[in-house]
Amino acid sequence: MSVQEETFLTPVVPLDFTYNYYIGQYLTRYFKGFKEKKILGSRCPGCSKVAVPPRKYCGVCNKVMEEMVELPQEGTLENFTVGHVTMEKGGRLSPAEKPYVLGLIKLDDKASLLLHKVEGVDPSQVKAGMKVKAVWKDQVEGDYWDLDHFEPA
Amino acid sequence: MRNVAIVGIGYTPVFVSKRRDVCIPEMISEAVENAFKNSGLTPADIDAVVFGNMHTFEGLNLPHLWSADFIASLGKPVMRIATGGTTGMSAFHAAYYHIASGLHDVVMVVTYEKHSEGDAQVGLMGIITPEIMAMLAAGIDVTGQKGMGAIGGGSAGGISYQATSYLHHSGAGIEHIDAIAAMERRNASKNPYAHLKDPEATAEKIAQTPLISWPIRFGHVCPTTDGATVCILASEEKAAKIADKAAWVWAVANCASDATTGNLIEGIITDPGEQMPATIAAKKAYERAGIQDPRKEIDYVEIYNGFAHQTLMFLERIGMCEVGEAHKLLEKGELEMSGSLPVNASGGVVSTNAIGTSALNRVTECALQLMGQAGEHQVEKEVHKALAHGWGGLMQYVTITILADKPKKL
Amino acid sequence: MDKKVAIVGFRMKSAPDLVTTRERLTFELTRGLFDDLGIEREDVDTTIFCTNDFLDGRTISNCFLEGPAGCYMRDESKVEMDALNGLMYACMRILSGQYRTAMVVSLALTGYQVSPYLHIEYQLSPIYDRQMRLLNELSAAALQARSYLTRYGYSEELLDAVAVQALSNAAANPYQARRIPGVSKEKVASSSPYYEPLKELHCYPPTDGGCVLLLASAERAKELTDKPVWVLGMGQSIETFYLGERDLFRSPSTVKAAKRAYELAGIKDPKAEVDLAEVSALFAHQEPLLAEALGLLEEGAAESSYQSGDTAVSGKMPINPSGGALGGHPVSATGLIRAAEAVRQLRGEAGENQVGKAEVAVVHGQDGPCAQQNAVVVLGV
Ligand SMILES: [Zn+2]
């Protein structure tokens, strides 16, 4: 059979697997904090950096970050991007209905930057250095999206 | 070529079905902490890290990136190795070459699997799913011989062909598979890092477990385990400073056959029990280690046996006994911890299978035996040379490591 | 590392959409390489595969390539990372004295199973980022781009200038997948916005392709080729996974990897001693960012370097004369393709894109979101 005559089968295989991820000891504490509308981080005994969300290890110091600290709900927008596309499950790009803002927010000088949605402001008016504050869902359940977004303070 | 030694070993405190209390990097960090405790080293002593686990099982791509902060690796070279079931040993081999090349002195191997977070059979089916889809599209009956061969690629279905072939060629019976499975469950009960343990296991008890696909029963099959293993290797100069006791690498080797071997894909029917790569890899390893007569010179063997018959089958394939002889050695009790050819005192993969760690555990278990640190499952005879075997890929890839209690003469 | 290991041959292929199978592409590339060198599969002592299971949509995806690559009943292993790491492993195997030749095989058919962006999505934390669905390959890169521009006070036009240079070089390179004749700043600036400040033509195109490369010990290399290209140094490093803790405007892991590679190569002043660089920059801002980390451009002077033409093929420090990853990014193979492109330059075979003096080249490969992990190899004649 010559190459020209060959046909390639291109079956589309829509695979969807289920995984059960255990979130571990530290993220569990983070979501417990959410139930009281608190933002918690874990502090490194070596460099005193605070990781938000909390986790076990500071990779720089190789130390366990046992201590939990509460962070302020207001902070500074350090860096941001305006999204004009959305990436859906499956990694496909499509145009966004309207531009939206993702920001890296500094809640404390020692805290790692928290990535979140920034709403309540025209995307073209967003500036690094803006003060922003946390907006919670009315009903908090100890879940990812209890902390709904940030908005200008 | 430089000499390379194992100077530290760390396991997670337990190897069990479900670690619900920790996320993946948290679990891995426990084994890393234990390796540092075991070796007396600190993160600053590590020059490079080699990381391995089974691809895709937990729905993660390159999980060393997520784990980087938990494995003392920041600012260091990290290499991810993945070769299926053999991953743990392939990662060990990569660490060996990091040092043997002269580029690094102390290298840490990190392996894990957290089966409870994914579905191993789904992961394994991923090996052949595209073939099945292509067959469906081409109108091939996947329930017929070809399809079943393909489907068997990843699970006990295909293994039953291998076991049947082994029984046919060796003259052994299903009762021998029951007996070796029972021996390994008993051995496992003495190993704190084993998963399925039964100090009272007997061939009769195993024979009562349900048949999956003749001759394979539930009692012959490995569990899915959550656990992590870390192993630290060092050059000869460093090892002398770091460790009082070390296990020395005398040879590493591997061999791959074609992916269609042992399957019925594309109409090619080959014998899944032949396992030529095991024979070739072992021969290469013996040559590299300067071993003339493995039966006389090797004191202890760890076989990668996801399924119980493989202990016997691979002993024959790697030349530790004649074809048809392994089950007779078993009958005489020679494979027991008190025997002349002790095998899998750890309980083997059939008792504990956190896949990413499984082939590395074969190496670390040989090292523990050589250093006399295996505790309750230390074998009775003196161990001066040991062989670790890994099996994986698509049932067609084998790795071999030969260790000894002293450095090789270069 | 002196002159102990050499690259003696390569084959590569890149296209927007290769209508082929992974097995056929592997066979085409490896058989081609054997024919180029007049060898057979028995002459290859060991093979290192670098393919990605997620992209291939199957577990242990290299298994089916062992036959087509000629390693039936032979020695092989797999590094599941950018293939520049595979090249480093192949070097280690030869340096150990166990092997005389080692082949590296890498390929990706990105359109074959899943979207290339999924490859990064599944690198993110499944217990946080993947649940929040805010972070993805493009939004992460956009944050890095903004951080870089802000830090040095560059305008967004720098991104256009980098992209135009890369895409113009790519247009003249027959090995590239994305070739846009007469690409202009206007065309780049008017391409669709993704995440600000990144637009479509600032980002890599998802492409198919592959690369195979044969390495040999000094002794064996002399038998196989008159034009060996020596591996003089190599290094690799990783940094923290957490974007909120990284200074995204710099790449400390690249700095570390380069330091090690230069030490091994005996290079003290990279700006003076390196003739060109092939950098796996997946987004326009990454090219100057990584070139700075590699010590090839002055920190903070990227805008003037690109405007003055210093980084062009005819400039004093050509960066990505091949067009780089903006011309094609078969995930995993990209770093190895950079190495092969450097080999073309060092052998004086780069045609229209040939730089003037080409004796020492730096090659870079990356893994992870925002280049969390970086590999650097120094090649020379
Ligand atoms: Zn710290």
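Let us start where two chains meet: 32 residues from chain C and 38 residues from chain A take part in the contact, where contact means heavy atoms within 4.5 Å. This is a predicted model, in which local features need pLDDT of at least 70, side-chain atom pairs count only at pLDDT 80 or more, and totals for chains, interfaces and linings use all residues. Residues are numbered from 1 along each chain as its sequence is written, chains are lettered from A and ligands numbered from 1 in the order in which they are written, and side-chain values use heavy atoms, with hydrogens and water left out.

**Chain C with chain A, and chain C with chain B**

Chain C also touches chain B, with 55 residues of chain C in contact with 59 residues of chain B. The table sets out the buried area of each interface, that is, the accessible area (1.4 Å probe) that two parts lose on being put together, summed over both.

| Interface | Buried area | Share from carbon and sulfur atoms |
|---|---|---|
| chain C and chain A | about 3300 Å² | 65% |
| chain C and chain B | about 4800 Å² | 59% |

Within the area that chain C buries against chain A, Ile127(C), Leu134(C) and Leu143(C) supply 19%, more than any other three residues. Two salt bridges are found across the interface of chain C and chain A; a salt bridge here is a side-chain nitrogen of Lys or Arg within 4 Å of a carboxyl oxygen of Asp or Glu. Lys49(A) forms a salt bridge with Glu245(C), and their closest N and O atoms are 3.1 Å apart. There are also 14 residue pairs in polar contact between chain C and chain A, both residues at pLDDT 80 or more. A polar contact is a pair of N or O atoms within 3.5 Å; within protein, one must be able to donate a hydrogen and the other to accept it, and residues adjacent in sequence count only if both atoms are side-chain atoms. On the side of chain C that touches chain A, α6(C) gives the most, with six residues. Helices (H or I, at least four residues) and strands (E, at least two) are DSSP runs, numbered from the N terminus.

Between chain C and chain B, two salt bridges are found. Asp75(C) and Lys284(B) meet in a salt bridge through their side chains (3.8 Å, N to O). Polar contact joins 25 residue pairs here, both at pLDDT 80 or more. The largest share of the side of chain C that touches chain B comes from α3(C), with five residues.

**A zinc site in chain A**

The SG atoms of Cys44(A), Cys47(A), Cys58(A) and Cys61(A) coordinate the zinc ion at 2.3 Å. Donors are N, O and S atoms within 2.8 Å of the metal (3.2 Å for Na, K and Ca); water is not among the atoms, so sites may look incomplete. Angles of 105 to 115 degrees among the four donor atoms make the site tetrahedral, a label that four donors earn if all angles lie between 85 and 135 degrees. Cys44(A) lies in the loop between β1 (39-43) and β2 (50-51) of chain A and Cys58(A) in strand β3 (residues 57-58), so the pair ties together parts that are 14 residues apart in sequence. Cys44(A) is buried at 2% relative accessibility, and Cys58(A) is buried at 0%; buried means under 20% relative accessible area (1.4 Å probe, protein chains only).

**A tryptophan in chain B**

Trp391(B) sits in strand β10 (residues 385-392) of chain B and is buried at 8% relative accessibility. Its side chain makes a polar contact of 3.2 Å with the side chain of Gln275(B).

Definitions and conventions: Four donors count as tetrahedral if all angles lie between 85 and 135 degrees; four count as square planar and six as octahedral if opposite donors are over 155 degrees apart and all others between 65 and 115; anything else is irregular. Buried means under 20% relative accessible area, exposed over 50%, partly exposed in between (1.4 Å probe, protein chains only).
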